[in-house]
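This report describes a structure with two chains in contact. Please read the text alongside the sequence and the coordinates.

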Amino acid sequence: MILAENLSHQYGSRVALSNVSFEVNAGEIFGLLGPNGGGKSTLFRILSTMMAPTGGRAEVAGHDVARDPAAVRRSIGVVFQTQSLDKALTVAENLRAQGHMYGLSGPKLRERMEQVVERLGLADRRNDLVETLSGGLKRRVEIAKGLLHRPVVLLMDEASTGLDPGARRDLWQYVEELRSREGVTILLTTHILDEADRCDRLALLHQGKVVAEGTPAQLRSRIGGDVVVLEAADSAALARQIETRFGLKPSVMDGVLRVEIANGHRFITEVVEAFPGAIDSVGLHKPTLEDVFVRETGALIE
Amino acid sequence: MNNFWLPVITLWQRELVRFWRQKSRVLGVVASPLVFWLLIGSGSGDLGRFFAGALVLTILFSAIFSTISIIEDRREGFLLSMLVSPASRTSLVLGKILGAATLAWIQGLIFLAFAPLAKVSIGIMDVVALIGAVFLVSFTLTGLGFVIAWRMDSTSGFHAIMNLLLVPMWMVSGSLFPMATAHGWIKAVMWANPLTYSISLLNNLLKLSSGSPGIGVSLTVTVAFGLALLLASGVVANKKSLVSNA
């Protein structure tokens, strides 16, 4: 449903994307996970036909984004990171304007508007001015807007930014329903780990490159065993000591050491006894997507 | 055809609805030219001479106010979602310009209602012609604002252009002093300035100045300028890339 082949983009001399390739199947929820500035937004802009890539190609719903943007635009619904609602208009007025852009009008548009406001729980707010709505409700209107013309592909850019946990949960419920009930293919960008974990498949994006791709479980399984996290006053020294003593290579970020290791609980007792007083805090967890990201890039997502 | 006109009408309507809901905007746009006019007119003892200039200033302020919103709107807003829709760029441009021009027109007409203070005496047919001329000038200045605003990334850039280009352009258009008495190279600048012909078109219709340029030339130049700007708006908006930077 979505295809990227060696997609590259440069802003002047700055490389934002380099040779990105991936494929999204119909009916999948696909996540692009990475830190801000990792290339997600650029990729999003290319897929949503806002700009043409400087290299490679991409297809959405069988149409080339650069050569046939009009056909792509008919197939996609876009939910932007920033607000794309007119705050001085009501919910219904915003939706009506959106419908008109897609050639919908009259009874057909009214019927479809009924369906989306009902579906997103906005029915009693339809005549309210958008500026009077809460952040969560505004997001729902954004999604309603994106779905109005029954797109086969929904593109969402950091759609849950600024939402409280409750609103984020609701949003995900809609997203999952949309996929299961209507078979809509969904591509979303995120830097939130919980959100990435709910995707069917993910591509990890760092400095404009895809550094890993797969289901959340596949990605996590790249790390054998546990992750031990150590904090120390002199983290660099501790890292060196661990390396000589245990033959492990911890990664150090923001004064925090990470060690990937099977049987982490045993390692913890050993390391604490080996360097008494040098360690301020110790933690052990099963691998998260953040750990995978650290492993692949040596950087943190957030 | 429906797919072309529906977005045009929608965008036009949106401008009017927004305007109606923020009525205080009218005051901001009409009040300052009104004050300038009364001060300069009273001071020089001739309210008539500066009237057309102040009327065009009202229209210019309104056009700038409307088109400046394009910058934010296009980067992160309502317009962005329209730009990834199948609606043609040309219809979006036309809708936006017609909407903004209509607002400038309404505010120009409000200003025009003060014409009796300038001791203007004209017949009913002249009033009809004036209403049309005010729309023409509104359309032209909105087109000018659009062409400038579309490719801009920040509103501060627009302010700079406004201060360095639009306001000086207005100053040397016959709004403050007539072309006939202008000195040296300024006279040549005035002759080349399309806005000069907008002012003289209004002055001719208001019967405030029979001086050059005449009504025929004024009308022709203003219409040509308006059409050229509409064409230019279409061209800039149909450029492929919608975002120029990160």
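The model is predicted, and the text below takes up chain A, then the contact between the chains, then the helices of chain B.

**Chain A overall**

Chain A holds eleven helices and 14 strands. Its C-alpha trace extends about 75 × 45 × 35 Å along the principal axes. Of its 302 residues, 43% count as buried. When contacts between residues at least 6 apart in sequence are taken, 68% of them in chain A join residues at least 24 apart.

**Strands β1, β4 and β5 of chain A**

Strand β4 of chain A (residues 55-60) is paired with strand β1 (residues 2-11) of chain A through five bridges, and these two strands run antiparallel. One pair of bridge partners here is A:Ser8 and A:Gly55, the latter in β4(A). β4(A) also pairs with strand β5 (residues 63-64) of chain A, again in the antiparallel sense, over two bridges. In that pairing A:Val60 has A:His63 of β5(A) as its bridge partner. The hairpin formed by β4(A) and β5(A) has two residues between the strands, and A:Ala61 takes a positive phi near 50° there.

**Positive phi at non-glycine residues**

Two further residues of chain A are listed below for their backbone angle and surroundings.

| Residue | Phi | Place | Other C-beta atoms within 10 Å |
|---|---|---|---|
| A:Asn6 | positive, about 50° | strand β1 of chain A | 14 |
| A:Arg150 | positive, about 50° | loop between α5 (135-147) and β7 (153-157) of chain A | 14 |

A:Asn6 is not a glycine, and with 14 other C-beta atoms within 10 Å it is partly exposed. A:Arg150 is likewise not a glycine, and its count of 14 other C-beta atoms within 10 Å makes it partly exposed. A residue counts as partly exposed when this number lies between the limits of 12 or fewer for exposed and 20 or more for buried.

**Contact between the chains**

Chain A gives 28 residues to the contact and chain B gives 26 residues. On the side of chain B that touches chain A, the elements that give two or more residues are α1 (2-21) and α4 (78-83) of chain B. The most comes from α1(B), with nine residues. Sorted by class, this side of chain B has twelve nonpolar, nine polar and five charged residues.

**Helices α6 and α9 of chain B**

How do helices α6 and α9 of chain B run relative to each other? The axes of α6 (residues 124-150) and α9 (residues 194-206) of chain B come within 10 Å and cross at roughly 170°. Angles over 145 degrees count as roughly antiparallel, so α6(B) and α9(B) are roughly antiparallel to each other. From α6(B), the residues that meet α9(B) are B:Asp126, B:Ala129, B:Leu130, B:Ala133, B:Val137 and B:Thr140. Their counterparts in α9(B) are B:Ser198, B:Leu201, B:Leu202, B:Leu205 and B:Leu206. By class, the contact of α6(B) with α9(B) has eight nonpolar, two polar and one charged residues.

**Helix α10 of chain B**

Helix α10 of chain B (residues 215-237) has 23 residues, which at 1.5 Å a residue should span 33 Å; its end C-alpha atoms are 33 Å apart, so the two values agree. Buried residues in α10(B) include B:Leu219, B:Val221, B:Phe225, B:Gly226, B:Leu229 and B:Leu230. B:Ser218, B:Thr222, B:Ser233 and B:Ala237 in α10(B) are buried as well. The cover over the buried residues of α10(B) includes α5 (89-112), α6 and α9 of chain B.

How values were computed
Residues are numbered from 1 along each chain as its sequence is written. Chains are lettered from A and ligands numbered from 1 in the order in which they are written. This is a predicted model: local features need pLDDT of at least 70, side-chain atom pairs count only at pLDDT 80 or more; totals for chains, interfaces and linings use all residues. Two residues are in contact if their C-beta atoms, placed from the backbone, lie within 7 Å. Helices (H or I, at least four residues) and strands (E, at least two) are DSSP runs, numbered from the N terminus. Ala, Val, Leu, Ile, Met, Phe, Trp, Tyr, Cys and Pro count as nonpolar, Asp, Glu, Lys and Arg as charged, and the others, Gly among them, as polar. Axes are lines fitted to C-alpha atoms, for helices over the stretch in contact, and angles run from 0 to 180 degrees between N-to-C directions. Angles under 35 degrees count as roughly parallel, over 145 as roughly antiparallel, 65 to 115 as roughly perpendicular and the rest as oblique. The expected span of a helix is 1.5 Å times one less than its number of residues. Two strands pair if DSSP finds at least two bridges between them.
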